[in-house]
Amino acid sequence: MKKNILLTVFSIFCLLLSCKPKTKTSTIEVEQGTVQNSIIQKIAQLKADGYEIVDYHAHLKGGLSMEELLDHSKKTGIDYGVAFNAGVGFPITNDSTLLANYEQYKEYPVYMAMQAEGREWVNMFSKENISTFDYVFTDAMTWTDTQGRRMRLWMPEEVFVDDKDDFMDQLVSQIVGVMTNEPIDLYVNSTFLPKVLQPEYDILWTTERMDKVINSAVANQIAIEINARYKIPSATFIKRAKAAGVKFSMGTNNTGKELGTLDYAIEMIEKCGLEPADFFKPAKK
Ligand SMILES: [Zn+2]
C-alpha cells in the first residue's frame with residue numbers, strides 16, 4: 001500500500017517536472033509571436049501612411065516556392081520582387097535560360113527582377129531580354145583586385161586584404177565602376193564588407209568613401225538597397241545619401257525559406273526620417 005502511495009507521489013512529481021519545460025517553450029513562442037505581430041502592425045501603419053512596403057530582393061532559394069512566398073506576403077503585408085540570379089557560375093547564363101525563367105513566373109503578382117552576377121554579365125545577355133524584367137540589380141561583392149585575384153567578398157577564403165585602406169579604395173572604385181558601366185536600377189548588399197573588416201565598418205567607410213558611392217548613385221540614377229539581412233548601409237550612410245537625393249529600396253536577400261519582415265530597413269525609416277518619396281519604385285511590366 002505504502003509502495004503505491006510512493007509511486008503515485010513520484011508520478012505526480014514527474015508530471016510536474018515534465019510540464020515545466022513545456023511552459024517555458026510556450027512562453028518563448030508567445031514572446032516571438034508578439035514581436036512578429038508588432039512588426040506586422042508597424043508595416044500596416046506605414047502602408048496607411050503612404051509607404052509601399054516591398055521586399056525587392058527575395059529569391060526562390062532553399063526550396064521556397066512562389067506559393068509559400070505569396071502566403072508569407074499575405075500574412076505580413078509585404079509585397080515582393082523576386083530576383084533570378086544570372087551570370088557566370090549561376091543557373092542562368094544566356095538569353096534562352098533567362099527568358100525561360102521569366103516566362104515561368106511572369107503571371108504571379110510580384111515584381112520580376114534580374115540579379116546580375118559578377119562583372120561579365122553585361123556581355124552575356126541581350127538588351128531586349130534584360131529589359132523584360134521590371135528592374136535589374138547587382139552588387140559589388142564579386143570583383144578582381146589589382147593583383148588579379150577574383151574575390152567573392154562573402155567567402156572568407158576568397159578575400160584578400162593586404163592593406164585595409166587600399167582594399168577599401170579598390171572596393172569604392174569597383175562600386176563606382178559598376179554604377180557607371182552597368183545598366184542597373186539598384187545597387188544591393190550596399191557597402192558590404194568581408195567578415196574580416198566588418199568590425200571596423202564605421203572607421204573604414206569614411207565620409208570621403210561614402211560620398212564617392214553616393215555621388216555616383218545620384219549621377220547614374222541608381223537606387224541603393226537597405227539590406228535587412230546584413231543590416232547595411234549604416235544609418236550615417238543612409239542619412240547622407242538621403243540628403244544627396246538618393247532613392248532607396250528595401251531587401252532581404254534570403255538564402256533559404258526564411259523571408260523575415262525587413263526589420264532593419266523598417267527601423268531605418270524612422271531612424272533616418274525616410275519618406276515615401278525617398279523610395280525606389282519600378283514600373284510593373
Ligand atoms: Zn541576391
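**Exercise 1.** Work out whether Thr-191 is buried or exposed in this predicted model, then look at its backbone.

*Solution.* Start by counting neighbours: Thr-191 has 25 C-beta neighbours inside 10 Å. The cut-off for buried is 20 or more, so Thr-191 counts as buried. Next, place the residue: Thr-191 sits in the loop between E7 and H6. Finally, check phi, which is near 65° for Thr-191, a positive value in a residue other than glycine. For context, most residues other than glycine have a negative phi.

**Exercise 2.** Do the same for Asn-189: which loop holds it, and what is its phi?

*Solution.* Asn-189 lies between strand E7 (186-187) and helix H6 (201-204). Its phi is near 50°, again positive in a non-glycine residue. Now count: 21 C-beta neighbours inside 10 Å, so Asn-189 is buried.

**Exercise 3.** Find how the buried residues of H5 are arranged around its axis.

*Solution.* First, get the helix: H5 covers residues 164-181 and reaches 25 Å from first C-alpha to last, close to the expected 26 Å. Then list its buried residues: Phe-167, Leu-171, Val-172, Ile-175, Val-178 and Met-179. Looking down the axis, these fall within an arc of 135°, so they line one face of H5. That fits the helical repeat: with 3.6 residues a turn, residues three or four places apart point the same way. Now turn to the face away from the buried side, which carries the exposed Asp-165, Asp-166, Thr-180 and Asn-181. Last, see what covers the buried residues of H5: strand E4 (135-138), E7 and helix H7 (207-219) are among the elements.

Technical notes:
Residues are numbered from 1 along each chain as its sequence is written. This is a predicted model: local features need pLDDT of at least 70, side-chain atom pairs count only at pLDDT 80 or more; totals for chains, interfaces and linings use all residues. Helices (H or I, at least four residues) and strands (E, at least two) are DSSP runs, numbered from the N terminus. A residue is buried if 20 or more other C-beta atoms lie within 10 Å of its own, exposed if 12 or fewer, and partly exposed in between; C-beta atoms are placed from the backbone. The expected span of a helix is 1.5 Å times one less than its number of residues. The arc is that of the directions from the helix axis to the C-beta atoms. Two residues are in contact if their C-beta atoms, placed from the backbone, lie within 7 Å.
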